[in-house]
Amino acid sequence: MKWLIAVLLSVPLWAQQGPLTRTRVVVPPDVMRGERVRVRVTCGGVLLLFDADAESSAHIGETVIVRNPENGRRFVARVEDKGKVFVKK
C-alpha cells in the first residue's frame, strides 16, 4: 500500500487527472467584481465617459452590473475590453 501512494504522489496532479482540455481551462474575466471600469455611454450623437465600479464579473461581450459612484444607482453594461464597458441608449 505504501508503494502505491508513493507512485501516485510522484506524478504531477495535472497528469493524474488526464489530458488538459479546453473545458478544463478557466479563463479569468475581463472585468472583475469590485474593479473600477471606464464606462462609455452613447445616445445618438452624444458620448458620455466616466468611471464606475463593477458589481459583477464578466468576459468581453457579456453583460456586467455597474454602480455609478455619484448616485449609487446600478445599471447594466456590456464588456467591451479589459476594464472597459459600454451602454447604448
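This report walks through the fold, the core, one buried acid and the salt bridges of a predicted model.

## Before you start

Because the model is predicted, local features need pLDDT of at least 70 and side-chain atom pairs count only at pLDDT 80 or more, while totals for chains, interfaces and linings use all residues. Residues are numbered from 1 along each chain as its sequence is written, and side-chain values use heavy atoms, with hydrogens and water left out.

## The overall layout

The protein chain holds 2 helices and 5 strands. Here helices (H or I, at least four residues) and strands (E, at least two) are DSSP runs, numbered from the N terminus. Reading from that end, the order of elements is α-α-β-β-β-β-β.

Of the 89 residues, 22% count as buried. Buried means under 20% relative accessible area, exposed means over 50%, and partly exposed lies in between (1.4 Å probe, protein chains only). A contact means heavy atoms within 4.5 Å. Among contacts with a separation of 6 or more, 33% come from residues 24 or more positions apart.

## The nonpolar core

A good place to look next is the largest nonpolar core, which has 14 residues. Such a core is a set of buried Ala, Val, Leu, Ile, Met, Phe, Trp, Tyr and Cys residues joined through side-chain atoms within 4.5 Å. The residues with the most contacts inside this one are Val-31, Val-37, Val-39, Val-64, Val-66, Val-79 and Val-85. At least two residues of the core come from each of β1 (36-43), β2 (46-54), β3 (63-67), β4 (74-81) and β5 (84-88).

Try finding Val-31, in the loop between α2 and β1. Val-31 is buried, with a relative accessible area of 0%. Leaving aside residues within four places in sequence, its contacts include Val-37, Ala-54, Val-64, Val-79 and Val-85. Val-31 and Val-85 are 54 residues apart along the chain, and their C-alpha atoms are separated by 8.6 Å. Val-64 also touches Val-31, and its other contacts beyond four places in sequence include Phe-75, Val-76 and Ala-77.

## Strand β3 and its neighbours

In a regular strand the side chains alternate between the two faces of the sheet. In β3, Val-64 and Val-66 make up the covered face, whereas Thr-63, Ile-65 and Arg-67 make up the uncovered one.

Two strands pair if DSSP finds at least two bridges between them. β2 and β3 run antiparallel and are joined by 2 bridges; Ala-54 has Val-66 in β3 as its bridge partner. β3 and β4 also run antiparallel, with 5 bridges, and the bridge partner of Arg-67 in β4 is Arg-74. In the hairpin of β3 and β4 there are 6 residues between the strands, and Gly-72 takes a positive phi near 80 degrees.

## A buried acid: Asp-30

Asp-30 sits in the loop between α2 (13-16) and β1. What is the nearest side chain of opposite charge to Asp-30? That is Lys-82, at 4.4 Å, and Asp-30 is buried yet has no salt bridge. Lys and Arg count as positive and Asp and Glu as negative, with His and the chain ends not counted. A salt bridge needs a side-chain nitrogen of Lys or Arg within 4 Å of a carboxyl oxygen of Asp or Glu.

The side chain of Asp-30 does reach the backbone nitrogen of Ile-60, at 2.9 Å. Beyond four places in sequence, Asp-30 touches residues including Glu-35, Ala-58, His-59 and Val-79.

## Salt bridges

The whole structure has 6 salt bridges. In one of them, Arg-40 pairs with Glu-80, the closest N and O atoms being 2.3 Å apart. Arg-40 lies in β1 and Glu-80 in β4, so the pair ties together parts that are 40 residues apart in sequence. Arg-40 is partly exposed at 29%, and Glu-80 is partly exposed at 31%.

Another salt bridge joins Arg-67 and Asp-53, with closest N and O atoms 3.3 Å apart. This pair links β3 and β2, at positions 14 residues apart. Arg-67 is partly exposed at 27%, while Asp-53 is buried at 16%.

Arg-74 and Glu-55 meet in a salt bridge of 2.7 Å, N to O. Arg-74 is in β4 and Glu-55 is in the loop between β2 and β3, 19 residues apart. Salt bridges that share partners join Arg-36, Asp-53, Glu-55, Arg-67 and Arg-74 into one network.

Methods: Polar contact = N/O pair within 3.5 Å; in protein donor to acceptor, adjacent residues only side chain to side chain.
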